[in-house]
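Q: Please take one part of this model and go through it closely. I would like a connected account of how that part is built and what surrounds it.

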Amino acid sequence: MDKTLLWVRTGAAWLVALLIFFPILWLGMTAFKTELQAISVPPKFFFTPTLENFIEVQSRSDYLLYAKNSLITSVASTLLGLLIAAPAAYSMAFFQTRRTKDLLVWMLSTKMMPAVGVLIPVYVVYQQFQLLDTRLGLTIIFTMSNLPIMVWMLYSYFKDIPREILEAARMDGATLYDEFRHVILPLGIGGLASTALLCLVLSWNESFWSLNLSSAKAGTLATLIASYSSPEGLFWAKLSAASLMAIAPIIVFGWFCQKQLVQGLTFGAVK
Amino acid sequence: MSFLQLKNIEKFFGDHRAIKGVDLSIEKGEFIVFVGPSGCGKSTLLRLIAGLETIDGGNLLLDGKDITHAPSSKRDLAMVFQSYALYPHMTVAENMSFALKLAGEDKKVIKEKVEHAAEILNLTRYLERTPKALSGGQRQRVAIGRAIVRAPKVFLFDEPLSNLDAALRVQTRVEIAKLHRELGATTIYVTHDQVEAMTMADRVVVLRDGAIEQVGRPLELYDRPQNRFVAQFIGMPQMNMLPIGEFGSYAESLVRPLPVGGHIGVRPEHVTITNAGEGQLLATVDFVESLGAESLVYATTPHGVQVVSKQSVRSSVRAGDTVSLKFEQDWLHVFDADGQVVSNAKGVAK
């Protein structure tokens, strides 16, 4: 009986996993089809794969430029975010006041606002400061949209570090810098890494702001994909090829950091 | 001038006045114990001295220097925490050398000092382990080692034995006392356990509600409590406290004029159980605790006051018996209605 149940459960789990994974699988297959095969009904599961879409995408638009933009903006926004979020989380975790909780909730509440609601003001500000279509501009907006999550995550990690350990360090003569360098950093490195990873992924995948605030010069891979759903009509195969090229790095990256990512995403859930 | 001086120290948490103008002078090399019930402010007072909380009023002087607002890192004090607070990512040796490393001490000197401390504390075999791989008692010793390698001006202990089991607690208590004798370091030790206070301290500071009730040598507190609180806090089982009215005319022979609404206090060892007619009060025995070397007899007077008698002989009385309680006249303390002492036992002076 138990064995049957196990089989049923395993089967169900695989089914759900396949269902979720199917679009990506389909995307991967379509990328290697010709345009004609891509739109054929009924869909073809067996075909001779071709690389022509990838060659076409690379020749029509410079993949590496977009990839470079994605890499620079996501890494820079992650570093900038950590630089701001870590001290903020530190003070909130270890020097709590009556308003700390309210502040945290307020920060998170900014994530609940639809981004499009502030598109116009942000756009105008960016225009005035000449940040449109610049990597700096994207880095700033990525950082700002990730900050609430970063502060929350780091806050919950730092809170797990017993206060007495920091006090002991202070008694041992540690300055604020020593405390951070010798105690918080080594004890919180797991949390910092998880937070950084998640933000890297979020920035890499970000599309709303990059589509609206950047184009040819600072455009990220998200804008590259979007350019294939163009007014001239949809090119499914090329769109898929471009998408695959855009998500491949982050999938590979995510694969290797699975553990940390899962830990980061479930933060605070299991204590 | 004294080594460490607290002058009218105040601390507020919001509107709550947690420490109410504490004055205290501590001499170099003294072992001072702060004792009191939970919430009396003893830990807060220690943390104020440590610089882990800000002082809201008054002055703190160490070795002639005003350190009221100096950060912890600049006070040259070492603290042993109740939770040990070891650095979990460092080995025992690294834990103990951390302060010296921060101070930029020479590597060879650090090694020598750590090895010396480890030897004193019997930790030499564990120097390369992390705290995770140590038992509670060993962790506590590492925490103490971390403090002694620094040779600080004052050692601060915040209930260091509370997390240890009973046997280890007694052992560590003896070790700390021995260590203090060897090092002769000025020490402030916080505990809620009056046995620790009585056995370790040169002087005990009894605190209640953020204020000092009495300061004195352990036996001085035991023999000459200044008020009912100290009288009942020090000593186990606690001092019997009977309303003066219980004694009728007998009380008049003790003190004149009689404090209205006052109490007479007498320690359990000065209450004996005698045949009817020989004692001052009749009482009914509630129960008897036979501890082997001594017996504790709990009895209730007709007015409902419980009295404990401690006897070194095995008691033959049983629950439900009516007995006569005899109070040794030289060992009675008289307190007024406010709980302040009117006269302490005369027996001590003899």
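**The mixed sheet of chain B and its surroundings**

A: Of the 271 residues in chain A, 35% count as buried. The model is a predicted one, and chain A serves here as background to the sheet in chain B. Chain A contains 13 helices and 2 strands. Its C-alpha atoms fill a box of roughly 70 × 70 × 30 Å along the principal axes. Among the contacts in chain A with a separation of 6 or more, 78% join residues 24 or more positions apart.

Now to the sheet itself. In chain B, 6 strands make up an open sheet with mixed pairing, in the order 6-7-8-3-9-10. Strand 6 (77-80) and strand 10 of chain B are its edge strands, and each of them pairs on one side only. On average, neighbouring strands of the sheet are turned by 20° against each other, direction ignored.

At the strand 10 edge, strand 9 (residues 203-208) and strand 10 (residues 211-216) of chain B pair in the antiparallel sense over 5 bridges. These two strands form a hairpin with 2 residues between them. In the turn, Asp209(B) has a positive phi of about 50°. The register can be read from individual pairs: Arg208(B) stands opposite Ala211(B) in strand 10 of chain B, and Val206(B) stands opposite Gln214(B) in strand 10 of chain B. In a regular strand, side chains alternate between the two faces of the sheet.

At the strand 6 edge, a helix covers part of the sheet. Helix 4 (residues 136-148) of chain B lies across strand 6 and strand 7 (154-158) of chain B, and runs at about 180° to strand 6 of chain B.

Strand 6 also takes part in the contact between the chains. There, 17 residues of chain B are in contact with 15 residues of chain A. Strand 6 and helix 2 (92-102) of chain B are the elements that give two or more residues to the side of chain B that touches chain A. By class, this side of chain B has 13 nonpolar, 4 polar and no charged residues.

The packing can be followed through the largest nonpolar core, which has 118 residues. Those touching the most other members are Ala89(A), Leu154(A), Val33(B), Phe34(B), Met79(B), Leu156(B) and Leu325(B). Helix 7 (residues 135-159) of chain A supplies the largest share of this core, 10 residues. Domain 1 (4-231) and domain 2 (238-349) of chain B both give residues to the core, so it lies between them.

Phe34(B) shows some of this packing in detail. Leaving aside neighbours within four places in sequence, Phe34(B) is in contact with Lys42(B), Leu45(B), Leu46(B), Ile188(B), Val190(B), Val205(B) and Leu207(B). Apart from the largest core lies another, of 17 residues, including Phe32(A), Val57(A), Tyr228(A) and Ala246(A).

Last comes the relation between the two domains of chain B. Their C-alpha centres lie 38 Å apart. Between them, 8 residues of domain 1 of chain B are in contact with 12 residues of domain 2 of chain B. On the domain 1 side, the largest share, 3 residues, comes from helix 8 (residues 228-233) of chain B. The residues on that side of domain 1 divide into 3 nonpolar, 2 polar and 3 charged.

Note on methods. Residues numbered from 1 in each chain as written. Chains lettered and ligands numbered in written order. Predicted model: local features only at pLDDT ≥ 70, side-chain atom pairs only at ≥ 80, totals over all residues. Pairing = 2+ DSSP bridges. Helix = DSSP H or I, 4+ residues; strand = E, 2+ residues; numbered from the N terminus. Axes fitted to C-alpha atoms, helices over the stretch in contact; angles between N-to-C directions. Contact = placed C-beta atoms within 7 Å. Nonpolar A, V, L, I, M, F, W, Y, C, P; charged D, E, K, R; others polar. Core = buried A, V, L, I, M, F, W, Y, C linked by C-beta atoms within 7 Å. Buried ≥ 20, exposed ≤ 12 C-beta atoms within 10 Å, placed from the backbone. Domains from an automatic or database assignment.
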